[in-house]
Amino acid sequence: MNLSTCLSDLNHPDEGARRRAVHQLGRCCRGVEPLAALTRALGDPEWQVRAEAALALSKQQPDGPSLAALVTRTVLDPVAYVREASETALQRLIAAERRA
């Protein structure tokens with residue numbers, strides 16, 4: 001799945017298509033545009049997409065606004081699985097920073 005397909009699929013009506021697009025963005029795409037798309041996905045109406053976006057951001061090098069969104073949108077999410085994914089993502093980012 002290429003970048004333009006992933007970005008397009010983030011607007012797909014099917015939650016599964018959006019979740020797969022987020023997963024792919026986290027795995028293989030770097031840069032400003034994928035980072036912004038993943039940050040927007042933290043606000044998806046479906047919790048599965050929000051959780052995947054949190055984990056996908058941990059595979060990127062989030063900038064300040066993306067990191068702030070990760071914390072404010074997902075740490076307080078009403079769905080426990082999203083909060084757990086957010087905690088995992090933050091732990092990964094902290095561990096990566098310590099290794100750097």
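Helices here are DSSP runs of H or I with at least four residues, numbered from the N terminus. This is a predicted model, in which local features need pLDDT of at least 70 and side-chain atom pairs count only at pLDDT 80 or more, while totals for chains, interfaces and linings use all residues. Residues are numbered from 1 along each chain as its sequence is written, and side-chain values use heavy atoms, with hydrogens and water left out.

**Exercise 1. Locate Arg30 and find the partners of its side chain.**

Step 1. Start with the position: Arg30 sits in the loop that links α2 (15-28) to α3 (32-41).

Step 2. Next, list the contacts, meaning heavy atoms within 4.5 Å. Leaving out residues up to four places away in sequence, Arg30 touches Leu25, Lys59 and Gln60.

Step 3. Now look for polar contacts: pairs of N or O atoms within 3.5 Å, where within protein one must be able to donate a hydrogen and the other to accept it, and residues adjacent in sequence count only if both atoms are side-chain atoms. The side chain of Arg30 reaches two backbone oxygens, that of Gly26 at 3.2 Å and that of Lys59 at 3.1 Å.

**Exercise 2. Is Gln60 buried or exposed, and what does its side chain reach?**

Step 1. Gln60 belongs to the loop between α4 and α5.

Step 2. Buried means under 20% relative accessible area, exposed over 50%, and partly exposed in between (1.4 Å probe, protein chains only). Gln60 counts as buried because its relative accessibility is 7%.

Step 3. A polar atom of the Gln60 side chain lies 2.7 Å from the backbone oxygen of Cys29.

Step 4. Beyond four places in sequence, the residues touched by Gln60 include Arg30, Gly31, Leu35, Leu38 and Leu93.

**Exercise 3. Compare that with Gln24: where is it, and what does it touch?**

Step 1. Gln24 is part of helix α2.

Step 2. Its relative accessibility is 16%, so Gln24 counts as buried.

Step 3. The contacts of Gln24, not counting residues up to four places away in sequence, are Met1, Cys6 and Cys29.

Step 4. Its side chain also makes a polar contact with the side chain of Arg27, at 3.1 Å.

**Exercise 4. Work out which helices supply the largest nonpolar core.**

Step 1. A nonpolar core is a set of buried Ala, Val, Leu, Ile, Met, Phe, Trp, Tyr and Cys residues joined through side-chain atoms within 4.5 Å.

Step 2. The largest one has 25 residues, and Leu10, Val22, Leu25, Leu38, Leu42, Leu57 and Leu70 have the most contacts inside it.

Step 3. At least two residues of this core come from each of α1 (3-9), α2, α3, α4 (47-57), α5 (64-74) and α6 (80-99). The largest share, 7 residues, is supplied by α4.

Step 4. For a close look at one member, follow Leu42: among the residues it touches are Ala53, Ala54, Leu57, Ala69 and Leu70.

**Exercise 5. Describe how α3 packs against its neighbours.**

Step 1. Pick out the buried residues of α3: Pro34, Leu35, Ala37, Leu38, Thr39 and Ala41. They pack against α1, α2, α4 and α5.

Step 2. Focus on one pair. α3 and α4 pack at an angle of about 145°, their axes 8 Å apart; axes are lines fitted to C-alpha atoms, for helices over the stretch in contact, and angles run from 0 to 180 degrees between N-to-C directions.

Step 3. Find the residues that meet: Leu35, Leu38, Thr39 and Ala41 from α3, with Val49, Arg50, Ala53, Ala56 and Leu57 from α4.
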